[in-house]
Amino acid sequence: MKARAASYCVLSVLTWFTATAQENPKIREIRLSEKEPVSHIKDVQYYANPKFTPPPAAIPEKAFLKNPLVDFAADPSQWKARLINCKGFLCLSKDQIARKIPNLKLELTESSPDSTAELLPVKPVAATKSFDTFMLLGYAKNLTAVTVKFRKPDGKLFIWRSRNNNYNEILTGWHLLRIPLRTRLPAGTRLESIGFKTLKFRTNRPPDIWHLEQFDVVTGADHLKQPPVQFDPGEIVKIPVSPEGSRPVSREKVSNRAWKDGAAFKLRYENAEGTGVTFIYRPEKGTLADIAVDCGSGREFRPADGSGPIFEFKGKTFDIRKSGQVKPVLLKCELKKDQVRAVWEYRFGKTSQTIEWRLQVRGKSLVADLDSKECFLKQWFSGYASGTAPDAKVFEVPFMNHTPKIVWNDGWFFSHFHDHYKGSFSSHSHETGNQVLPGKVFYHYIPVGYCYDPRSDGSRHPLRETVYITVARNFDEVLLNPSNPKSPHQEMLSNNLYKKFEVRSDIFRKAKKLTDLYDDYGVNHIFFDVFSFIWMAGVWGNGEGSFHADRLSYIHQKDGGDQAFRAMLEDVEKKQMIPGYYETYNAMQVKNPVWDPAKVVIQPDGSWQYANVQAYMHKMWALPDWERGFFKERNRKYQPRRTGYVDGFTSRLPFMYNDYDHRYPEAGKMIDTIRAIGTGFQRIRENYRGPVFAEGRGADYYWAGLNDGDYGKLPGFGHRLKPRQVRYPLLVDFRLKKLNPLAPAWGLNIGYAMFCGKGWYWTDDYSLLYHYLAMNIAFGTVGFIEPSGDAYPNPHKYFDKTLETYYLVRQLQKRYMMQPVRTIRYFDGGKLVSTEEALVSGKYRDNMLYVQYENGLEIYINCNWDDRIWEITVDGRKYQLPAGGWFARQGKDFLEYSILQNGSRVSYVDSPEYRYLNGYGKKAEVDGLSTDRILIRYKTGKKAGKTLYYPPARKEISGFAISSSRAKVSPDSSSVSNQKKGSDCL
């Protein structure tokens, strides 16, 4: 395979060069200039909108290659350049200094889409030892594809060329390109040339420029021979918190028993009425396909047909599903009390692996514990359900959508999971669909199942798995059960909404203008998290190489830098808001001051793992270690600080951060990665002295409680679909019953669009604002203050949306945050029905929902995508809920709704802290209040007894602009209803 891959690489690149040659390219060779013809040093000044990427303040010593094959700065006269269809020069330059000495610069002064530049040695440069990896430290002005040619001692040419993949190209900025060649080249192999071709050619772009420091060829695994770096993470997070792990939880008490029936073993649970399910184990195949389920319908079904182990031995794969590859032999099978114990030997090739099975019913789950001492297991294929009824259905569960789906069959729900707390698997399939066929349901992700990837020395962990097959009448009884510690910040999460403040320029003045306006209108109970592109420049080429620099405000020096940044945080806190800022840890560029190649994540083949373009992923146990060290000191520098957003870690599934470095005992297990990140979150909380939020991507069940909330992402992320295209259903049971008691989501969105406002997919579209608010309320999230994204120069732009998202969510959030749920019902067009009835009928997709919490809060929510109105009756009074409407109450002290009155929307809140009314441009009257705009009457706090309006002047209602940044108020004694039409009285 390696030989074929190398041949294909050589052939494809030669074809490319041949095609270029056939176009009669203009080729010229140039030598080193004694002087630099063009210097850009004045155009790379720090902070002042540089035309070129500023050079790093200092690349750490560990980033440089020791005794490299080529040091371009040390002996530049040994190089020349071949220019194809372009013009340029080669010289020493101080434009991009990495080691305080000039380096070799290749610049094109004229170029075209088919231009290519190559560096060639004047004299042959031969490797003194064999190698399988090359490394290039350098800088590119524009996104660059790289081609490296080697001439082997036998005269054959070997060519490596990057292939439309940012991870093996050079993006704008400094980079250490480290490329495994997938084949070993012998000593004496010569470096023929290094070619550069700018991608995405634009005629008006700046010149193509490359700065070269070092080039080396190495054996990729050599660094694994060194002692591993030791980390000091502090107290490691203890998960699971329950010995039952993620096993689904039963609502009712059941009794369990097991008995032998001929050649079969039967395991059953029953409730007090004698209703139950029988699991039948017939040891025939040595897989989970040996398990059938009898629900009393007269038809057995198999929840894991087609499942089974796949082994790897001496580079060959042996699949039990393929005839003749694996022979399962039953060595022992016996019943002890209520547990079936089976020992299987799987024979393949010239060896075998023995796996012990222990089957037992606990609650409503058949629990299969699998153990083995041998380490040949490569994969466990999950299979599919067979023997299902013609009307079987599959349901995807929001926030559990990176797991197998839930199946309904013969009036029962069932699920099939591997416990990630207890399993030794390294990864699992994800993001593929389900399929319902006659008699078959594919509800696990296919075709991979659970994987046991080798570590960097080729070894695997012994098999340790716990599998749950759960069957129940109730939907929530088959959902997996996260077993994480509860967030310690429930009170802060209840009392504060989330504001994302994102700005590229004039950050400190804009922050003050915005928070002054917030303070004027009582928008004080918020997490004010600064998402300015303070650190982003570090990833994409500017800054100091990632998010680890001591200075946070690198690109805001002209606005006041660190001192102004601290002053901004202090000003935010004085306004009773909770300040915080955005950062990340896993993306590390070589120009970072704390760069350390010994801490880079190792892939199974020994290669380094990228985090994103130009940045390598550092081992997850470095996260809590760093938090105990220099991050702790940095956070002290920027106090006051009470919250923060940590990017990256939860935006992917946990195994995408796995380290397979065999020098660490637990490396290669997904649970090790989860514990490392979870422990890091604990250290971050300690430094913040408050909650830590993260990115999320639909796998919140791994992180709920370990952090204090992720983006509430729903499917549609990455597909550029708008909400009405996705038509996502309000299936809230898992979020409300399993996740929210541990920690909430914050905001709710498809992709990053937040349904409305500035987003990645469209901008300034508030047509679904109330769908967005209603779905946030339904899923029990931390409210997200609109407008999200960039701060507008005029803070009054869309400020009415700010007031809506704040005042309509805040009182509800205080009441539902992390509270236990008593009842969930769905409206089927005639009455409220259970989740189970709504799922079977499909009516849950109408998005008409009723939720009652244990504390007495009850909410009716209509999020219908076809704009249907839902009329409800509460205490004899009818309310019309439009699409994106809701009604809520709790006792006598709290009432809130966003409904239709006389065909127009009216939103109203009556709480112990304030009353809020919005007539949306039409006069609305509720319980003595009257307005055609936004009205806020304060009962408590520093504005108690006062009434505020927005917009403050009726004549400016369309522009929402006011002359003063400070709002005017009037005492409650003023009669709102008696104000003259057109009056500016506030």
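Here's a quick tour of two cavities and one helix pair in this predicted model.

**Stop one: the largest cavity.** The cavity search turns up 9 cavities of 30 Å³ or more, and the largest has a volume of about 160 Å³. To get there, select Thr403, Pro404, His418, His428 and Tyr450, the lining residues nearest its centre. The full lining runs to 19 residues. Colour them by type and you'll get 9 nonpolar, 10 polar and no charged residues.

**Stop two: the second largest cavity.** Now select Leu514, Ala791, Tyr792, Asn794 and Pro795, which lie nearest the centre of the second largest cavity. Its volume is about 120 Å³, and 14 residues line it. Try the colouring again: this lining splits into 7 nonpolar, 2 polar and 5 charged residues. Which helix gives the most to this lining? That's H3, residues 507–520, with 4 residues. Keep H3 selected for the next stop.

**Stop three: H3 against H5.** Add helix H5, residues 561–574, to your selection. The two helices pack at an angle of about 10°, with their axes 10 Å apart. An angle under 35 degrees counts as roughly parallel, so H3 is roughly parallel to H5. For the contact itself, show side chains on the H3 side for Ile507, Phe508, Ala511, Lys512 and Thr515. Across from them, on H5, pick Gly561, Ala564, Phe565, Met568, Asp571 and Val572. Coloured by type, the residues of this contact come out as 7 nonpolar, 2 polar and 2 charged.

Conventions: Residues numbered from 1 in each chain as written. Predicted model: local features only at pLDDT ≥ 70, side-chain atom pairs only at ≥ 80, totals over all residues. Heavy atoms only, no water. 1 Å grid on protein atoms, 1.4 Å probe; cavity = no way out; pocket = protein on both sides within 12 Å on 5 of 7 lines; lining within 4 Å. Points joined across faces, edges and corners; volume = space filled by probe spheres on them. Nonpolar A, V, L, I, M, F, W, Y, C, P; charged D, E, K, R; others polar. Axes fitted to C-alpha atoms, helices over the stretch in contact; angles between N-to-C directions. Parallel < 35°, antiparallel > 145°, perpendicular 65-115°, else oblique. Contact = heavy atoms within 4.5 Å.
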